[in-house]
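Open the model in your viewer and keep the selection tool at hand. The stops below go from single side chains to the contact between chains.

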Number of protein chains: 2
Amino acid sequence: MLALFNDIKDEMQVVEEELKAVVQARYPLLTETSTHLLNAGGKRLRPALVLFGAKFYNFDLKKVLPLAVAMELIHMASLVHDDVVDASMTRRGIPTVKAMWGNSISIHIGSYLFAKSLILIAKYKDTPLVSNVLSNTSVKMCEGEIQQISFSFDINQSLKDYFYRIKCKTALLIAASTQLGAVACSAPESIHLPLRRYGYYIGMAFQVIDDILDMVADQNQLGKPIGGDLRQGIITLPVIFALTCCKQRDRLMGLVCKVEKTEDEVQEALMIIKECGAIEQSFEIAKKYIAKAKKELKVLPDIPTRLTLSLAADFVGIRKF
Amino acid sequence: MLALFNDIKDEMQVVEEELKAVVQARYPLLTETSTHLLNAGGKRLRPALVLFGAKFYNFDLKKVLPLAVAMELIHMASLVHDDVVDASMTRRGIPTVKAMWGNSISIHIGSYLFAKSLILIAKYKDTPLVSNVLSNTSVKMCEGEIQQISFSFDINQSLKDYFYRIKCKTALLIAASTQLGAVACSAPESIHLPLRRYGYYIGMAFQVIDDILDMVADQNQLGKPIGGDLRQGIITLPVIFALTCCKQRDRLMGLVCKVEKTEDEVQEALMIIKECGAIEQSFEIAKKYIAKAKKELKVLPDIPTRLTLSLAADFVGIRKF
């Protein structure tokens with residue numbers, strides 16, 4: 001567990017047990033695949049953010065537990081489906097469900113975990129904002145993924161397209177986590193809206209950093225091969241920056257558009273991107289989002305969790321995995 | 001449109017327009033794939049059943065429209081995912097989304113349509129039964145599909161396994177359609193529970209007939225090749241009956257278990273199943289479900305829709321496509 005989660009260690013343990021309980025099913029195959037997914041780890045960032053959000057207003061674990069678990073299930077569901085789409089064989093250094101059980105099982109397991117989250121969300125019948133936010137977020141998450149496929153290997157995409165995509169893919173679910181944690185404990189807008197914006201900004205920073213790490217991380221720490229986005233034709237922030245400023249623009253353009261790249265071509269593209277300063281430029285964007293996130297915290301009650309969230313924002317900026 | 005839907009012709013037109021409106025999206029690819037799906041037809045059985053259910057208690061189109069549309073979206077979402085799993089290239093004689101746009105797009109389009117249904121379902125915040133029933137139904141639908149994959153080519157499955165599977169795969173969503181149509185118009189249990197049971201029984205009959213048609217239908221009318229289930233190793237009611245009673249049991253067992261069957265072997269298996277009377281035995285089961293469905297109608301108010309639902313039950317038993 002991340003050291004940042006020390007304040008909510010006991011609650012996170014309950015979340016973990018509840019996650020395990022919720023995926024128990026009639027068929028061994030279902031329990032086995034879901035348990036594999038749970039054991040494959042993950043930072044449990046979204047449940048933690050739900051709990052942190054809830055700390056700002058009449059915290060009650062009973063009230064937020066189903067939501068915290070639901071958030072991780074939605075996230076896991078999207079990862080399982082993404083692994084089919086990206087044909088990923090490992091994630092966090094561990095074989096994916098796709099690698100172990102194939103596409104068909106993965107599709108249904110993803111939908112199963114998502115449907116399980118709906119049962120938990122249905123408990124919030126007195127707080128309609130929960131299902132409103134999450135249904136809209138789910139639609140946007142799919143839109144983001146579909147935009148990513150439509151725009152793959154297509155260099156005619158703008159910064160705006162990129163930011164809209166990472167908002168849909170990543171930031172909205174993180175925003176929902178911090179916001180709805182507070183909503184589940186009946187917090188007023190003056191609390192849950194700044195929390196939502198905080199979550200949104202760290203979510204944006206999180207994905208920008210993710211896209212940077214895909215180019216510069218230590219492969220072993222990342223748990224998957226470097227340059228995956230380039231290979232798949234996903235055009236991320238460093239590529240967009242490099243295409244606007246670098247001297248070898250034409251060469252990079254050719255490499256990025258190429259559908260079947262050799263390993264040398266991937267490495268060459270990575271080199272061009274790194275040399276022109278596009279990585280640093282992207283880091284600057286992430287830093288700006290982190291600063292914006294921390295600014296939102298200022299209007300919130302000055303409880304210890306506020307400092308934790310500030311440190312969490314910093315962590316997003318320095319993480320290496 | 002089915003002649004049976006004449007009484008609700010105008011309302012079904014509104015459902016159709018709303019379906020088209022709901023799938024309009026920011027990205028042409030999304031609108032295009034969803035519109036392809038809508039235009040590929042389908043009987044719109046579930047929305048019709050929602051409307052019929054609602055007719056039994058203070059019918060109000062405004063109240064049931066989002067639900068009727070949501071039901072078709074959930075159904076479409078499951079078909080798109082199933083076509084990936086089954087690697088189906090045509091459905092109702094028209095190329096599938098999988099065939100035209102590939103697996104990745106299909107996975108996200110399926111999830112997108114499902115997520116869109118959640119936005120519609122979130123409108124029923126004053127009727128928590130709607131989201132309760134639908135979240136549980138969604139989990140069961142995935143369970144049914146996963147059971148089907150786990151048990152493929154496995155002849156050690158009982159009638160009970162088969163009936164549980166088709167309940168999950170098919171009957172529960174049809175049961176939810178008839179029930180929740182009434183629920184959305186605030187009908188009491190004395191109305192919506194018999195409607196649910198009616199839907200459940202015709203749903204069971206519907207899937208049994210579907211499994212029979214996969215073996216005996218006219219290929220052109222069915223819109224897909226005959227014997228698909230056998231090829232995929234899906235063991236349906238006629239196979240289970242044939243394995244219990246027919247003289248060529250051992251030969252059939254060998255054929256059914258074989259993962260890569262030749263076309264001759266598929267035809268031989270079909271022949272054995274047809275000759276031993278297993279098709280007729282399966283029809284008897286479907287008929288029993290239809291009788292049970294019609295019996296449920298007796299406790300409902302004697303409005304014209306009651307006769308329509310009785311005819312609808314009969315239609316399930318005689319349909320050829």
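Select Lys258(B): at 35% relative accessibility this residue counts as partly exposed, because that value lies between the limits of 20% and 50%. Add Glu265(B), whose side chain meets that of Lys258(B) in a salt bridge, 2.8 Å from N to O. Glu265(B), at 14% relative accessibility, counts as buried. The model on screen is a predicted one.

Stay in chain B and pick Asp314(B) and Lys294(B), whose side chains form a salt bridge with an N to O distance of 2.8 Å. Asp314(B) belongs to helix H15 (residues 304-318) of chain B and Lys294(B) to helix H14 (residues 278-297) of chain B, so the pair ties together parts 20 residues apart in sequence. Asp314(B) is partly exposed, with a relative accessible area of 32%, and Lys294(B) is partly exposed too, at 27%.

Now move to chain A and select Glu263(A) with Arg231(A). They form a salt bridge, and their closest N and O atoms are 3.1 Å apart. Glu263(A) sits in helix H13 (residues 263-275) of chain A and Arg231(A) in helix H10 (residues 228-232) of chain A, 32 residues apart. Glu263(A) is partly exposed at 42% relative accessibility; Arg231(A) is partly exposed at 28%. Next, select Glu16(A), Arg44(A) and Glu72(A), which are linked in a network of salt bridges. Over all chains, the whole structure holds 20 salt bridges.

How many salt bridges are there between chain B and chain A? The count is 0, while 4 residue pairs are in polar contact across this interface, both residues at pLDDT 80 or more. To see the elements involved, colour helix H2 (28-39), helix H4 (61-86), helix H5 (97-121) and helix H6 (128-150) of chain B: each supplies at least two residues to the side that touches chain A. H6(B) gives the largest share, 14 residues. By type, the residues on that side of chain B are 21 nonpolar, 12 polar and 6 charged.

Show both chains together. The contact takes 39 residues from each of chain B and chain A. The two chains bury about 3700 Å² between them, 78% of it on carbon and sulfur atoms. Select Tyr27(B), His108(B) and Ile146(B), the residues of chain B that lose the most area to chain A, together 19% of what that side buries.

Last, a turn of 180° with a shift of 0.0 Å along the axis lays chain B on chain A with an RMSD of 0.0 Å. That is the relation of a two-fold axis. Lys125(B) comes closest to the rotation axis among the residues of chain B, at 3.2 Å (C-alpha).

How values were computed. Residues are numbered from 1 along each chain as its sequence is written. Chains are lettered from A and ligands numbered from 1 in the order in which they are written. This is a predicted model: local features need pLDDT of at least 70, side-chain atom pairs count only at pLDDT 80 or more; totals for chains, interfaces and linings use all residues. Side-chain values use heavy atoms; hydrogens and water are left out. Contact means heavy atoms within 4.5 Å. Buried area is the accessible area (1.4 Å probe) that two parts lose on being put together, summed over both. A salt bridge is a side-chain nitrogen of Lys or Arg within 4 Å of a carboxyl oxygen of Asp or Glu. A polar contact is a pair of N or O atoms within 3.5 Å; within protein, one must be able to donate a hydrogen and the other to accept it, and residues adjacent in sequence count only if both atoms are side-chain atoms. Helices (H or I, at least four residues) and strands (E, at least two) are DSSP runs, numbered from the N terminus. Ala, Val, Leu, Ile, Met, Phe, Trp, Tyr, Cys and Pro count as nonpolar, Asp, Glu, Lys and Arg as charged, and the others, Gly among them, as polar. Copies are superposed by least squares on the C-alpha atoms of residues with pLDDT of at least 70 in both. Buried means under 20% relative accessible area, exposed over 50%, partly exposed in between (1.4 Å probe, protein chains only).
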